[in-house]
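Open the model in a viewer with the sequence panel beside it. The stops below say what to select and what is found there.

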Amino acid sequence: MNQQEQQFLNDLDKKLWTAADKLRSTLSAAEYKHAVLGLIFLKYISDAFEVRRKELEAAIRNPKHDYFLDPEEFDNPEAYEEEVKTELEIRDYYTEKNVFWVPERARWTKLKEICKTPVGNPLPWLKKNREGVMEPEKMKGVAFLIDDALDAVEKDNPKLKGILNKTYTRLNVDDSKLGELIDLISTIPFETGTLNSKDILGHVYEYFLGQFASAEGKKGGQFYTPKAIVTLIVEMLQPYKGRVYDPAMGSGGFFVQSENFIKQHAGKIDDISVYGQEYNHTTWQLAAMNMAIRGIDFNFGGQPADTLNNDLHPDLRADYIMANPPFNMKEWWNEKLTGDVRWKYGTPPEGNANFAWLQHMIHHLSPLGSMALLLANGSMSSNTNSEGEIRRAILEADLVECMVALPGQLFTNTQIPACIWFLTKDKTARNGKRKRTGEVLFIDAREKGYMKDRVLRDFTTQDIKDIADTFRKWQGLAEGYEDIAGFCKATDLDDIASKDYVLTPGRYVGTTEQEEDSEPFAEKMNRLTAELKGYLEESAKLEMEIKKQLGGLGYEF
């Protein structure tokens with residue numbers, strides 16, 4: 001998108017978040033996010049439905065189109081218009097274009113109109129009473145109206161079964177607040193410039209996920225990976241074709257960035273198939289809605305489940321795997337995992353799941369596949385229980401391709417220093433890459449980034465480019481790789497073995513070269529001592545002057 005459109009989205013984000021947050025009242029961010037994100041999803045599917053409806057109407061009235069209805073075949077204009085309306089309500093016209101069918105009671109314009117109806121008043125649709133007679137339904141409140149709309153959408157769209165969070169009546173939000181929230185989300189435009197409803201609402205959805213993660217703190221961070229890290233991993237892996245898998249997918253951020261990557265590089269979104277798994281039920285729902293908003297076909301196992309104890313994709317061999325599982329997870333082991341086929345390089349310790357996640361991903365990697373995994377820094381050097389042996393076995397199998405040390409304060413939920421493991425099952429010369437057998441690239445990115453506020457750090461676009469370009473150059477996809485002291489170093493397995501298979505980049509990249517100091521040490525010491533003496537004398541004079549001035553005001557010392 002161009003700069004003007006990006007600025008439009010940034011301004012829209014801030015306006016919407018500020019207004020939405022004011023409506024939060026007594027709800028916690030964890031509860032409120034479902035109220036907001038559910039309505040954004042409903043707005044999206046309704047907008048997409050209306051776009052398709054307008055296309056259909058234009059086709060129906062176009063003599064050159066297969067859907068054309070000839071007005072001459074009807075007795076009068078009124079009969080023709082009625083037939084057009086009937087045609088516009090044929091469900092198959094929408095589903096054939098992968099557009100969700102939205103029943104009348106769930107359409108955004110209708111919802112916005114009806115939510116002003118006082119409780120107890122008739123609504124414009126009918127239901128059977130006990131005698132079987134059709135009579136108008138009665139308004140039971142805005143929350144009930146939204147839950148009913150989501151239920152109607154889910155019933156008419158099997159793909160959405162179990163995905164929509166129909167809990168508005170349990171949130172106990174005032175009708176007036178929900179009405180204001182509907183009015184606010186209504187201001188999200190249909191389209192602007194080259195951006196359509198999908199682009200705009202998808203962007204807003206992802207932005208709100210990030211804001212709620214920050215607002216929730218630790219709990220929010222369990223399902224939201226900072227966008228800069230996701231972007232970095234996607235730029236380095238380049239998952240543009242094949243099966244993409246995230247075994248700890250959270251809200252689906254890696255998949256969204258994969259879609260963006262494909263768009264930016266003129267690829268086809270149909271070239272990838274998405275697989276994921278998530279344990280938390282509400283987060284699983286958020287991820288599914290995230291995919292549905294973007295029209296990405298997905299397989300999330302049909303239900304939320306614990307990945308390590310209940311693998312929903314046992315036969316999957318993915319071309320790309322990306323994940324940010326919980327760091328140092330302690331309560332994960334189950335006796336049934338003893339002797340699991342995934343523990344090819346050693347049984348992971350029962351008190352830490354880091355190497356369980358690592359081996360789970362290796363197990364699901366195709367013979368030519370590549371993967372990236374965010375883990376706590378301890379995974380690079382720990383010898384606790386079996387971790388050192390597992391790391392050594394993985395290195396001796398020549399699976400590790402690159403290690404990236406990240407700066408602190410990147411996450412909303414933890415201050416634990418993190419790193420990214422990049423692994424591949426194929427280091428041969430292929431697809432433009434040179435042969436890298438027996439080599440590992442180390443990148444120390446701890447000095448990259450900037451403080452975007454008092455507590456959180458972020459990467460600039462240039463930071464991401466510097467790291468990704470270094471990786472690509474080393475792989476042979478571009479020219480000009482060279483070791484840079486303090487930043488990157490390519491080394492071999494013998495060197496790593498000599499360092500007891502520790503993978504901390506700082507051990508390999510060294511330190512940045514400093515300019516030689518031309519001033520002899522003795523001279524510099526004398527000069528600095530003299531300067532310090534001068535500063536101390538000046539300080540003493542100022543202290544005396546302050547006491548003198550305060551003494552004149554009656555203060556005693």
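Select helix H6 (residues 142-156), which is mostly covered: 11 of its 15 residues are buried, where buried means under 20% relative accessible area, exposed over 50% and partly exposed in between, with a 1.4 Å probe and protein chains only. Helices (H or I, at least four residues) and strands (E, at least two) are DSSP runs numbered from the N terminus. This is a predicted model, in which local features need pLDDT of at least 70, side-chain atom pairs count only at pLDDT 80 or more, and totals for chains, interfaces and linings use all residues. Residues are numbered from 1 along each chain as its sequence is written, and side-chain values use heavy atoms, with hydrogens and water left out.

Stay on H6 and colour its buried residues: Val142, Ala143, Leu145, Ile146, Asp147, Asp148, Ala149, Leu150, Ala152, Val153 and Glu154. Then show what covers them, which includes helix H2 (29-60), helix H5 (108-114), strand S1 (122-128), helix H7 (168-171) and helix H8 (175-186). The end C-alpha atoms of H6 are 21 Å apart, in agreement with the 21 Å that its 15 residues should span at 1.5 Å a residue; the expected span is 1.5 Å times one less than the number of residues.

Next, select Thr117, in the loop between H5 and S1. Thr117 is buried, at a relative accessible area of 18%. Beyond its neighbours within four places in sequence, Thr117 is in contact with Pro122, Leu123 and Met139, contact meaning heavy atoms within 4.5 Å.

From there go to Ile185 in helix H8, which counts as buried at 3% relative accessibility. Its contacts, neighbours within four places in sequence left aside, are Val36, Leu39, Ile40, Lys43 and Trp108. Add Leu16 to the selection: Ile185 and Leu16 are 169 residues apart in sequence, yet 7.7 Å apart in space, C-alpha to C-alpha.

Move on to helix H13 (residues 281-294). Of its 14 residues, 12 are buried, among them Trp284, Met289, Asn290 and Arg294. The cover over these buried residues includes H2, helix H9 (197-216), helix H12 (253-264) and S5. From first C-alpha to last, H13 reaches 21 Å, close to the 20 Å expected at 1.5 Å a residue. Just after H13, select Gly295, which takes a positive phi of about 70°.

Now display the strands. An open sheet of nine strands runs in the order S5-S4-S3-S6-S7-S9-S8-S10-S13, with mixed pairing; two strands pair if DSSP finds at least two bridges between them. Strand S5 (298-299) and strand S13 (488-492) are at the edges with a single partner strand each, so one side of each has no neighbour in the sheet. Within the sheet, strand S7 (residues 365-376) and strand S9 (residues 418-424) pair in the antiparallel sense over seven bridges. Pick Ser370 to see one of them: its bridge partner in S9 is Thr424. Then add helix H11 (residues 227-237), which packs on the sheet and touches strand S6 (318-323), S7, strand S8 (400-405) and S9. The direction of H11 makes about 155° with that of S7, from axes fitted to C-alpha atoms, for helices over the stretch in contact, with angles from 0 to 180 degrees between N-to-C directions.

Finish with the cysteines. How many disulfides are there? The count comes to zero, a disulfide being a pair of cysteine sulfur atoms within 2.5 Å. Select Cys419: the closest cysteine sulfur, in Cys402, is 11 Å from its own, too far for a bond. Cys419 is buried at 0% relative accessibility, and Cys115 is buried at 8% relative accessible area.
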